[in-house]
Amino acid sequence: MTTLYLLGSAAPPVLEIASVIEDVQSRGYDVCLGLTPSAARWLDPQLPQLEQLTGHPVRSEYKAPTASDVWPPADVALFAPATFNSLNSWALGLTSSFVVGFAAEAIGKGIPLVTMPCVNSAYAQHRALDRSVAELRGMGVTVLYGPGGFEPNQPGERRPYPWHLALDAVASSTA
């Protein structure tokens, strides 16, 4: 069975993560869920159910150096939703959160990575976003941003997050 690390940051689509996990599992993946600390706070009441659903602990913090790993090794990783902060931190190598640290290290380990941002059009005007997307793409990360991926919405506007695009890209990266 292929192991997918599903990594999410604090953007509204993370609230749909249980149904995404079920979708991914129906595609034959073993799912391990990692969250930024803010996303973990958002989902705190659901964390026991998410652990039961995945069969693995939900991680939002680095483990102690002497602790054994509680997850099987990743075959592929999906970082979605990825916020403005998470994408920029990742592209710059600023690994203060576990999920960004894993994603940064996965590049060097050759683990296939797919990410789909979730940013509004105000953040999209900041030049750092385009630089970070280009930097991650240059390191081999599949970034689903722009036509055929996530397209920014207006601040405060809610649109369905195109999870299917991310899941299809994961399937393509492991085919």
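Okay, so before anything else, a word on "pocket": here that means an open set of grid points with protein on both sides within 12 Å along at least five of seven lines. What we have on screen is a predicted model, by the way. And in this model, the largest pocket holds about 380 Å³ of space. Its lining is made of 21 residues, and the ones closest to the centre are A11, P12, P13, C118 and N153. If you sort that lining by type, you get twelve nonpolar residues, five polar ones and four charged ones.

There's a second one to look at too. The second largest pocket comes out at about 250 Å³. Fifteen is the count for its lining, and D69, F98, F102, E105 and K109 sit nearest the centre. Which helix gives the most to that lining? That would be α5, residues 98-109, with five residues. By type, this lining splits into nine nonpolar, one polar and five charged.

Right, on to the sheet. Five strands make it up, and it's an open sheet with parallel pairing. Reading across, the order goes β2, β1, β3, β4, β5. At the edges you find β2, which is 29-35, and β5, which is 142-143; each has a single partner strand, so one side of each has no neighbour in the sheet.

Let me walk through some of the pairings. Strand β1, residues 2-8, runs parallel to β3, residues 76-82, and four bridges join them. If you want a spot to zoom in on, Y5 stands opposite A77 of β3. Now stay on A77, and look towards β4: the bridge partner there is L113. β3 and β4 are also parallel, again over four bridges. Then β4 pairs with β5, parallel once more, over two bridges. V114 is the one standing opposite T142 in β5.

While we're on β4, residues 113-117: is this strand buried or exposed? Five of its five residues are buried, so the strand is largely enclosed by the rest of the structure. For reference, buried means under 20% relative accessible area. And it's covered on both faces, with L113, T115 and P117 buried on one side, and V114 and M116 buried on the other.

That takes us to the core. In soluble globular proteins, nonpolar side chains tend to be buried together. Here, the largest nonpolar core has 60 residues, and L35, L78, W90 and F102 touch the most other members. You've met F102 already, as one of the residues nearest the centre of the second largest pocket. As for L35, leaving out anything up to four places away in sequence, L35 touches G8, V14, A40, L43, L47, V58, R59, S60 and V99.

W90 brings us to helix α4, residues 84-92. Seven of the nine residues in this helix are buried, so α4 is largely enclosed by the rest of the structure. The buried ones are F84, S86, L87, N88, S89, W90 and A91. So what covers them? The cover includes β3, α5, β4, α6 at 121-124 and α7 at 127-138. Just after the helix comes G93, with a positive phi, near 80°.

Last stop, a few single residues. T36 is in the loop between β2 and α2. T36 is buried, at 9% relative accessible area. Not counting neighbours within four places in sequence, T36 contacts G8, S9, A10, S60, S86, S97 and V99.

Then there's P37, which belongs to helix α2, residues 37-42. P37 is partly exposed, with a relative accessible area of 27%. Setting aside neighbours within four places, P37 is in contact with S60, E61 and S97. Also, the C-alpha atoms of P37 and S9 are 8.0 Å from each other, with those positions 28 residues apart along the chain.

And finally H56, in the loop between α3, which is 47-54, and β3. Buried or exposed? H56 is buried, at 12% relative accessible area. Beyond residues up to four places away in sequence, H56 touches D30, V31, C32, E51, V70, W71 and P72.

That's the tour, thanks everyone.

Conventions. Residues numbered from 1 in each chain as written. Predicted model: local features only at pLDDT ≥ 70, side-chain atom pairs only at ≥ 80, totals over all residues. Heavy atoms only, no water. 1 Å grid on protein atoms, 1.4 Å probe; cavity = no way out; pocket = protein on both sides within 12 Å on 5 of 7 lines; lining within 4 Å. Points joined across faces, edges and corners; volume = space filled by probe spheres on them. Nonpolar A, V, L, I, M, F, W, Y, C, P; charged D, E, K, R; others polar. Pairing = 2+ DSSP bridges. Buried < 20%, exposed > 50% of the residue type's maximum accessible area, 1.4 Å probe, protein only. Core = buried A, V, L, I, M, F, W, Y, C linked by side-chain atoms within 4.5 Å. Contact = heavy atoms within 4.5 Å.
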